[in-house]
Structure formats: C-alpha cells, structure tokens
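Here is a quick tour of one protein chain, from its packing to its empty spaces and a few backbone oddities. Have the viewer open as you read.

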Amino acid sequence: MSEVSSSGEVDAVRYSRTQLLIILMTPLLVMLASTALYFSGLLLPDETSNKGVLLTPVLSVTDLGFPEVVIGTERHWTLIQLSPVCVERCTERLYEQRQMHIALGKLESRIERVLLTESSLAPDQAANYPRLQVQNLAAGALSPAVLSRIPAADLADDIVFVADPFGNIMLYFTRAHDYRAQISDLKKLLKLSTIG
C-alpha cells in the first residue's frame, strides 16, 4: 500500500510542478513573442488615421524663417500658410482656413493662424481676416530641410503647416486636403494634446 501511495504522491508532485512551470513560462513566452513581432515589423498597420501629410522627423518653425520659440504662458498651436505670392488662390485658401478655424468651435481659441508671404495684403483683405498674423517671407528663409523633404509642387500650392506650441511642425495640408480633413486632424491633435 505504501508503494501505491508514494507513486500517487510522485505523480501529484510532478503534476503540480508542470502546472507551476506552465504558469511561470506563459508571461515569458508572451513577452518573447511580442518582442519578436515588434522588431520584425509583422502585423504593423499600413494605414494611419491622419489625413494630412505627416512629417517624421518633425521640422521646426525656425526652418520656415521664424525665430526660436520662447515658451510662455500663452501656448497656442499655429497654422502657418506658406504663400510666397498671395493672389487669388491664396485669398481663397485664407478664406477656407478662416472658416475651418471658426468651425473648430470651442477649440478655436487654442489655434493661431499665420500667413507667411512675400506679398502684402490689401487693406480690405486684412480687414476680412482680423485674427490673421502676416509674416514676411524673406528670400532664402526656407531651410534645406524644408526644401529637401517637401515636394516643390506642395510648397508652391499654398501649403498649411501645423506647429505645436513648442515650434515643432509635424503635419501639413495641401489643397488636396479639404477643410473636413483638416478639422478631423486638428480635433484629434487638440484632443490628445495636453499643451496649448
């Protein structure tokens, strides 16, 4: 009888050790599998939820000729419209940007709009866009990083950059991105942002 009970005890101990080993190895196997999948690039989504053109790595507002950003208490996101010569298409884009800015509703106060141009706005145009800041685009102000990373066709198409309160430009919109796409991206950014 003692042989039967000792054999049963050995089986019970062996079963308990197997269960313990399975319990301890499960997290390790999960960690190893997830690390392997991450570094292999398998199962990564090909799509993003943004509608604008994402810049990785980000540019800085200094790349557009602005001075270095000084962080103060007034933190705003900035929409910078680059229109070297502001004529009819530029004015249409300004109107679209103003309407999109208003459509943001309660988020409107977190965003500033800037027009970067070599032209000057006519007094009646300036009156139509009272909250628009107009900055002079100096010759050669665009850095080599901007010129090499953004297609020339986009730069000539009244492009709108999105800059965070720290002066990082992470996204831009071309004319192909309508106001709905811009609002969608801006609402996402502002919702997830704890700055500005």
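## Around helix H6

The buried residues of H6 are covered by, among others, S2, helix H2 (88-103), S3, S5 and S6. Keep in mind that this is a predicted model. The buried set on H6 itself is Ala181, Gln182, Ile183, Asp185, Leu186 and Leu190. H6 runs over residues 179-192, 14 residues in total, and spans 20 Å from first C-alpha to last, close to the 20 Å expected at 1.5 Å a residue.

## The nonpolar cores

The largest nonpolar core has 20 residues, and the members touching the most others are Leu64, Ile80, Leu82, Ile150, Phe161 and Ile169. At least two residues apiece come from strand S1 (53-60), strand S2 (77-82), strand S3 (111-117), strand S5 (159-163) and strand S6 (168-173). The top contributor is S5, with three residues.

Ile80 is a good place to zoom in. Setting aside residues up to four places away in sequence, Ile80 touches Val61, Leu64, Phe66, Val114, Leu116, Ile159, Val160, Phe161 and Ala163. There is also a second, separate core of 14 residues, and Trp77, Val160, Leu171 and Phe173 are among its members.

## Empty spaces

Now for the gaps. Rolling a probe the size of a water molecule over the atoms shows where empty space is left. The structure has one cavity of 30 Å³ or more. Its lining consists of Leu79, Ile80, Gln81, Leu94, Gln97, Arg113, Val114, Leu132 and Val160. S2, H2 and S3 are the elements giving two or more residues to that lining.

As for the second largest pocket, the residues around it are Ser49, Asn50, Leu54, Met170, Leu171, Asp185, Lys188, Leu189 and Leu192. Here S6 and H6 are the elements that supply two or more lining residues.

The table puts the two spaces next to each other.

| Space | Volume | Top contributor to lining | Lining make-up |
|---|---|---|---|
| Largest cavity | about 40 Å³ | S2, three residues | six nonpolar, two polar, one charged |
| Second largest pocket | about 150 Å³ | H6, four residues | five nonpolar, two polar, two charged |

Some names turn up twice: Ile80 lines the cavity and also belongs to the largest core, while Asp185 lines the pocket and is one of the buried residues of H6.

## A buried tyrosine in a loop

Tyr129 sits in the loop between helix H3 (123-128) and strand S4 (132-136). Is Tyr129 buried or exposed? Its relative accessible area is 6%, under the 20% cut-off, so Tyr129 counts as buried. What is Tyr129 in contact with, leaving aside neighbours within four places in sequence? The partners are Thr91, Leu94, Tyr95 and Arg98. Arg98 is 31 residues away from Tyr129 along the chain, yet their C-alpha atoms are separated by 7.5 Å.

## Backbone oddities

Most residues other than glycine have a negative phi, and most peptide bonds are trans. Two spots here go the other way. The Thr56 to Pro57 peptide bond is cis, with omega near -5°, and Pro57 is part of strand S1. Asp158, although not a glycine, has a positive phi of about 50°. You'll find Asp158 in the loop between helix H5 (152-155) and S5. With a relative accessible area of 6%, Asp158 is buried too.

Technical notes:
Residues numbered from 1 in each chain as written. Predicted model: local features only at pLDDT ≥ 70, side-chain atom pairs only at ≥ 80, totals over all residues. Heavy atoms only, no water. Core = buried A, V, L, I, M, F, W, Y, C linked by side-chain atoms within 4.5 Å. Buried < 20%, exposed > 50% of the residue type's maximum accessible area, 1.4 Å probe, protein only. Contact = heavy atoms within 4.5 Å. Expected span 1.5 Å × (residues − 1). 1 Å grid on protein atoms, 1.4 Å probe; cavity = no way out; pocket = protein on both sides within 12 Å on 5 of 7 lines; lining within 4 Å. Points joined across faces, edges and corners; volume = space filled by probe spheres on them. Nonpolar A, V, L, I, M, F, W, Y, C, P; charged D, E, K, R; others polar.
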